[in-house]
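Okay, thanks for coming, everyone. Let me put the model up and then walk you through the parts I picked out.

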Amino acid sequence: MVALTLRATRSSRPPWMAIYSGLVGLVAVVMFIATAEQIPHTVSLPAFWLMTGLALVAAALAFVTTDIRGASVVLCPVLCFSFATVLCWGLAPAILMQTLATAVVGLRLRDSAKHIGFIAAQYAVAFTAAYVVVQIGDPKPFATTTVVERLSDTATVILAAAAFLAVFLAQTIITARLTSPGFQWQKVRASLAHQALFLASLLLLSPVLAVAAHVNVFFVLLIILPLYAVQKMARLSAERDRAAWADPLTGLANRRGLQARFDDLRAGKPMALLMLDLDRFKHVNDALGHDVGDRLLVAIAQRLTRQTPAGGTVGRLGGDEFAILVPGVRDAEEAHEVARTVLAALAQPVRLDELDIDVTASAGVAVHPDQGTDFATLMRHADVALYEAKRRGDSAASYDPCVDLNSPQRLGLLADFRRALESPGDEIALHYQPQVALDSGELVGVEALLRWTHPTRGLISTPEVLQVAEHTSVMHLLTVRVIDDVVAQLAAWRAQNLRLRVSINISARDLYSGEVVEHLATRLREYDVPPDQIQVEITESALMGDPVRAYSTVMKIVGIGVAVSLDDFGTGYSSLQHLRKLPLAEIKVDRSFVAGMADNSDDAAIVRSTVELAASLGLRSVAEGVENEYTWGMLAQTHCSLAQGWSVARPMPGAELARWHTNRLHARASQAQLTL
């Protein structure tokens, strides 16, 4: 087999390439004219026409594929016949035969006449090198009789094949260098090794054909079956190689193919990587079947290929995920514009079996080199952006390190947080924010809030900590640490004759597992703390994730005598259902509504309705985010049970809370005496 990259040089012909093509063509024409006297004698030989006919048949049956970088590759045994012609009848007949075969292959590929001529000229130059070696060694290698002469002829043929191989591969390298701005030797070395093996196999088979032509012209026909077997194996090998870098359904590049394209481009200009995920594709498979789903994927692949800017590469990563490499994109804004154009094209219905199927997608965008200098990093960042687009309900999003939960900085922060939880010390602390009765001002309870002081970064915001740890096992360590510290603090307050109820938050991860219930019961027994001094806060979003397991854990919590509070009430999706099913003791009105009461009548109405609903169900109501006296007064008019916020007090350490409570009692007593 021989690999002809017939389309590798079509897209770009810079000035140096034009000069090089002209020189190659000139050498080919000169050598053909110089040896043209060989043509009249050769064309009168039946053996020549037989081999020419076989060469043209081989060219017509050539196997056309593409390599990992998208260049067309032709696997064709024509060289076996044309090199045998050099050995038998000279240079000009071989150039003629190879040119005719190259034209047949070029017509199959619908290539330009100029490019077909360039490929034929490259072969002519390589044949010239082989012909010179033959002329120097033995112009008639098949007319020898002695052993020494035969050994000399064998060496001549081998050297001629080596000369052809060296010149042809050198031309391939020069062509690739002139047409590829991101040319890298290490990237083409493996491809050249395979090509050299194919060429060498055919070149060394040529002497067998030449000998057969001299002994018995019909022996030439015997080469058909071996060549067919070789071509068949080469086809299977090419298909296997193609399967390694191409998606079998759509023919697009897979992850490996995209990486190869990225490696080719990154040495040149900047680029963007777009990762796309189809919305509700599973519904198509479920409703119409997987066959229709596959046809839809093929149609989408074709549409993406048409919409991708020139020089871009479309790939399918699996399932309904696609990726597009777009060279020349310099910043996120430009990449975002490309994504919008592609998504707008996808939004047009796809018609299959007289049925219009609406297709929408989400896209994540990352730009090289600013958001990733290697392919793996760029892919991960585009995937993070895609997840963020889906989370926000946007059609497209660019990579933002601030939302990357798996960035090296966040992974380092998670490791530091785990270390702080597992090690004794004062990095991890709990502060307690008071909850007071709106009607009497009495301190009724507190909420335990996390504080983490990093040894180098200082105080880390609680939302950032929770976002990093939320979906990891570190979250369970945090819950255990909070339970231990809170129960120990309750025991310390009891020793000071301070009896309070402490609310603690548990994550969805712990709510689904239920393991924390046993740990909480154990700690309450160890410290001899009554269960009614602990209250567990859960969120509606946690309940929605897995209602069955969440309900089971809530029942276990209530079973050990611990009350349950529904946090962030009004921000979920099924609040009334939860109020009806769950054995709650309290609901907390979300701070977003409380903070807007003073300026927004709708927020005030929501708070008032929520408080009335809680009262009608026999539940306490707690207003979060009470920041001023005016809001306090409005809440008091609604008969809300408790208030929590800076208007009451900021969160404080446990020891400080005891002093604050004592001072507050003295101040209230003094105020009462002055009033009397």
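**Loops, a sheet and a helix pair**

So, let's start with Asn 497, which sits in the loop between helix H17 (474-495) and strand S14 (501-505). Helices here are DSSP runs of H or I with at least four residues, strands are runs of E with at least two, and both are numbered from the N terminus. Before I go on: this is a predicted model, where local features need pLDDT of at least 70, side-chain atom pairs count only at pLDDT 80 or more, and totals for chains, interfaces and linings use all residues. Residues are numbered from 1 along each chain as its sequence is written, and side-chain values use heavy atoms, with hydrogens and water left out.

Back to Asn 497: phi is positive, about 65 degrees, although this residue is not a glycine. At 73% relative accessibility Asn 497 counts as exposed; the cut-offs on relative accessible area are under 20% for buried, over 50% for exposed, and partly exposed in between, with a 1.4 Å probe and protein chains only.

Asp 528 is another non-glycine with a positive phi, about 55 degrees. You'll find Asp 528 in the loop between helix H19 (515-527) and strand S15 (534-539), and at 59% relative accessibility it counts as exposed.

Okay, the sheet. It's an open one with five strands, ordered S5-S6-S4-S9-S10, and the pairing is mixed. (Two strands pair if DSSP finds at least two bridges between them.) S5 (313-318) and S10 (396-398) are the edge strands with a single partner each, so one side of each has no neighbour in the sheet. In the middle of my list, S4 (residues 271-278) and S6 (residues 321-327) pair antiparallel over seven bridges.

Helix H12 (residues 290-307) lies across S4, S5 and S6, at about 10 degrees to S6. Angles run from 0 to 180 degrees between N-to-C directions, and axes are lines fitted to C-alpha atoms, for helices over the stretch in contact.

One peptide bond to flag: His 368 and Pro 369 are joined in cis, with omega about 5 degrees. Pro 369 is in the loop between S9 and H14.

Last up, how do H6 and H7 pack? H6 (residues 113-137) and H7 (residues 147-179) make an angle of about 150 degrees, with axes 8 Å apart. They are therefore roughly antiparallel, given that angles under 35 degrees count as roughly parallel, over 145 as roughly antiparallel, 65 to 115 as roughly perpendicular and the rest as oblique.

Definitions and conventions
Contact = heavy atoms within 4.5 Å.
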